[in-house]
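Ready for a few warm-up exercises? Take a look at the model below, then work through each task before reading its solution.

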Amino acid sequence: TVSIALFTQDLRLHDNPVLHAARTSADQVVPLFVSDPAVEAAGFAAPNRQAFLADCLADLDASLRGIGSRLTVRRGEAAERTARVAAETGATTVHVAAGVTAFAQRREERLRKLLGDRLHVHDASVTVLPPGRITPAGRDHYAVFTPYHRAWQQAPRRTVLTAPRSLPTPDGLRSDTLLVGGATSPGLPPGGESAARARWRRWDIDAYADIHDDLAADDTSRLSPYLHFGCLSPTELVTRALRHDGPGAQAFVRQLVWRDFHHQVLAARPDAAHRDYRDRDDHWHHDEAEAEAWRQGRTGYPIVDAGMRQLAHEGWMHNRARLLTASFLAKNLYLDWRVGAAHFLSLLVDGDVANNQLNWQWVAGTGTDTRPNRILNPLRQADRYDPDGAYVRRWVPELAHLPGPSVHRPWLFSADYPAPVLDPEDLNARFQHGRP
Ligand code: FAD
C-alpha cells in the first residue's frame with residue numbers, strides 16, 4: 001500500500017505527525033510538496049521566502065534520500081495535484097496537517113472533495129497547541145494573551161516523535177522545479193531543517209531573559225523563519241527549552257505561546273489577516289511620501305531607519321525594532337497598519353500571516369492589545385534598547401561618526417541626514433486627532 005505525506009508548513013523529518021501517520025498507515029510513502037500558484041498570486045511567495053523555501057525543500061530532499069526516500073515536488077493547484085499523485089501511485093491515504101490561514105482552510109475543503117475519506121487531516125503542528133484546543137467558556141478563541149498563556153501552561157502537550165530511520169518510497173515519480181526569482185535580500189539565512197537544528201544547538205537560551213530586548217546584542221534565537229516553514233517543531237523546541245531550568249527558558253517559551261496565541265486568533269478569524277480585528281473606525285492619515293520614507297529607512301529617526309534597513313538587508317528584523325518601527329508607522333505617522341504589514345510581508349523571511357498581521361494589529365491598537373491607546377516614543381525606545389547607539393551605527397553608516405546615544409538625535413548635531421518626518425516635540429498629534 002502507498003500513502004502520501006503532503007508537506008505544507010512542516011518541512012522536517014523530526015517530530016512530524018503527518019509523516020509519522022503516513023509511515024504507519026502504508027508500506028510505502030510519497031513525500032509530496034505542491035507549490036501552488038495561488039500562493040504566488042496572493043503575494044505570499046515573496047522572493048526572500050521563495051529562496052528560503054527552495055533551501056528548505058533541497059534540505060528535506062537530501063534528508064529523505066538519506067533514509068531511502070526522496071521528495072516529489074509538483075506545481076499547480078494543491079488539491080488537484082495531490083489527487084493526481086494519488087491516482088499515479090494508487091495511494092489509499094493522504095495525510096496533511098490542518099491549516100490555519102484562509103488559504104489552507106480552502107485547500108483542505110478541496111482535498112476533501114477530491115479525496116473523500118482517503119484524506120486524513122492531522123492537528124496543526126505548526127503550533128504547539130492546535131488552534132481551538134483551549135478556549136474560554138462560550139467562545140471559539142482567546143482574545144487576550146494573559147489568560148491564554150495561563151491556560152496554555154496547564155494544557156497537556158503531545159509527545160515528541162522521532163524522525164523515521166527509513167522510508168520506502170515508490171520509484172519513478174517526476175518532480176517539477178520550484179519557481180524562484182526576483183531580487184532577494186543579501187543577508188538571508190540558509191533555509192532547512194539542518195540549518196535550523198544547527199542554529200538551535202549553537203544558541204544560548206540561558207541568556208535570553210536578560211538580553212532579548214537589547215538591539216545591539218542581537219542575541220535572540222533567530223529561529224522564526226525555521227518555525228514559519230516548520231523546519232523545526234515548536235513542540236520539540238518547548239520540550240527541549242524546558243529542560244533548561246530558569247528565566248531564559250521561561251521567557252523563550254512565553255514567546256512561542258504568543259505565536260500559538262496569534263495562530264488561534266487567525267484560525268477563528270481568518271478575516272483578521274486584512275480587516276481590523278476590533279473595528280475602531282480609525283481615520284488613518286494617507287501620505288505615500290511618508291510611507292515610502294518609512295519603507296526606505298529615511299524617516300529622519302535613526303532608530304526607525306536602522307530597523308527598516310536591517311529588514312531590507314536581512315529579510316529579518318529584531319522584535320524590538322519591529323515593535324518600534326510598526327508603532328512609528330501606525331501611531332506616530334498614523335498610517336494604516338496594512339500599509340506597513342504589506343511591506344513587512346514583502347521582505348520578511350519569517351513573514352507569516354498570523355504573526356505579522358496580528359502583531360501589526362496589536363501594535364496599531366486594532367487587535368488584541370488590552371491597552372490599544374498606548375504609544376511608544378521612538379526616542380525613548382532608542383535610549384532604552386540601544387543605549388549606546390551601536391545598533392543604529394551598524395545599520396545607518398552615514399551616522400557612524402556620531403558617538404554614543406547622540407546618534408539617536410542627529411538634528412541636534414547638524415548631521416547630514418534627512419530631517420525628521422514628524423516634529424520630535426509633537427509626535428502624538430495625529431493619533432490624538434485621528435483616534436476615535
Ligand atoms: P525569539 O525572540 O528568539 O523568539 C522565539 C520565537 O518565538 C520566534 O522565533 C517566534 O516564532 C516566536 N515569537 C517571538 N515573538 C513573537 C510575537 N510577538 N508574536 C508571535 N511569535 C513570536 N514573527 C514571525 O514569525 N513572523 C512575522 O511575520 C512577524 N511579524 C511581526 C510584525 C510585527 C509588527 C511585530 C511587532 C512582530 C512580528 N513578529 C513576527 C514577531 C517577532 O518579532 C518575531 O517572531 C521575532 O522577532 C523573531 O526573531 P527570533 O526568532 O529571534 O525570536
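**Exercise 1. Is Tyr 334 buried or exposed, and what is its phi?**

Keep in mind that this is a predicted model. Start by counting neighbours: Tyr 334 has 25 other C-beta atoms within 10 Å. The cut-off for buried is 20 or more, so Tyr 334 is buried. Next, find its place in the chain: Tyr 334 lies in the loop between α14 (319-332) and α15 (337-347). Last, check the backbone: phi of Tyr 334 is near 60°, a positive value in a residue other than glycine. That's worth a second look, because most residues other than glycine have a negative phi.

**Exercise 2. Do the same for Asp 281: what is its phi, and is it buried or exposed?**

Begin with the backbone this time. Asp 281 also isn't glycine, and its phi is positive, near 60°. Then place it: Asp 281 sits in the loop between α11 and α12 (288-296). Now count: there are 8 other C-beta atoms within 10 Å of Asp 281. Exposed means 12 or fewer, so Asp 281 is exposed.

**Exercise 3. How do helices α10 and α11 run relative to each other?**

Two packed helices are described by the angle between their axes and the distance between the axes. Here, α10 (residues 234-241) and α11 (residues 247-268) have axes that come within 10 Å and cross at roughly 160°. An angle over 145 degrees counts as roughly antiparallel, so α10 is roughly antiparallel to α11. The crossing is left-handed. Who meets whom? Pro 234, Leu 237, Val 238 and Ala 241 in α10 meet Ala 249, Phe 252, Val 253, Leu 256 and Arg 259 in α11. Sort those contact residues and you get eight nonpolar, no polar and one charged.

**Exercise 4. Which residues make the contact between α4 and α5?**

First the geometry: the axes of α4 (residues 78-89) and α5 (residues 102-115) come within 8 Å and cross at roughly 35°. Their crossing is right-handed. On the α4 side, the contact uses Ala 78, Ala 79, Glu 80, Thr 82, Ala 83 and Ala 86, while α5 brings Arg 107, Arg 110, Leu 111, Leu 114 and Leu 115. By type, that's seven nonpolar, one polar and three charged.

**Exercise 5. What radius of gyration does the protein chain have, and what would a compact globule have?**

For 436 residues, the globule value is near 22 Å; the chain has 23 Å, which agrees. Along its principal axes, the C-alpha trace spans about 75 × 45 × 45 Å. To finish the picture, the chain holds 19 helices and five strands, and 44% of its residues count as buried.

Conventions
Residues are numbered from 1 along each chain as its sequence is written. This is a predicted model: local features need pLDDT of at least 70, side-chain atom pairs count only at pLDDT 80 or more; totals for chains, interfaces and linings use all residues. Helices (H or I, at least four residues) and strands (E, at least two) are DSSP runs, numbered from the N terminus. The radius of gyration is taken over C-alpha atoms; the globule rule is 2.2 Å times the number of residues to the power 0.38. Axes are lines fitted to C-alpha atoms, for helices over the stretch in contact, and angles run from 0 to 180 degrees between N-to-C directions. Angles under 35 degrees count as roughly parallel, over 145 as roughly antiparallel, 65 to 115 as roughly perpendicular and the rest as oblique. A crossing is left-handed if the near helix is turned anticlockwise from the far one by less than a right angle, and right-handed if clockwise. Two residues are in contact if their C-beta atoms, placed from the backbone, lie within 7 Å. Ala, Val, Leu, Ile, Met, Phe, Trp, Tyr, Cys and Pro count as nonpolar, Asp, Glu, Lys and Arg as charged, and the others, Gly among them, as polar.
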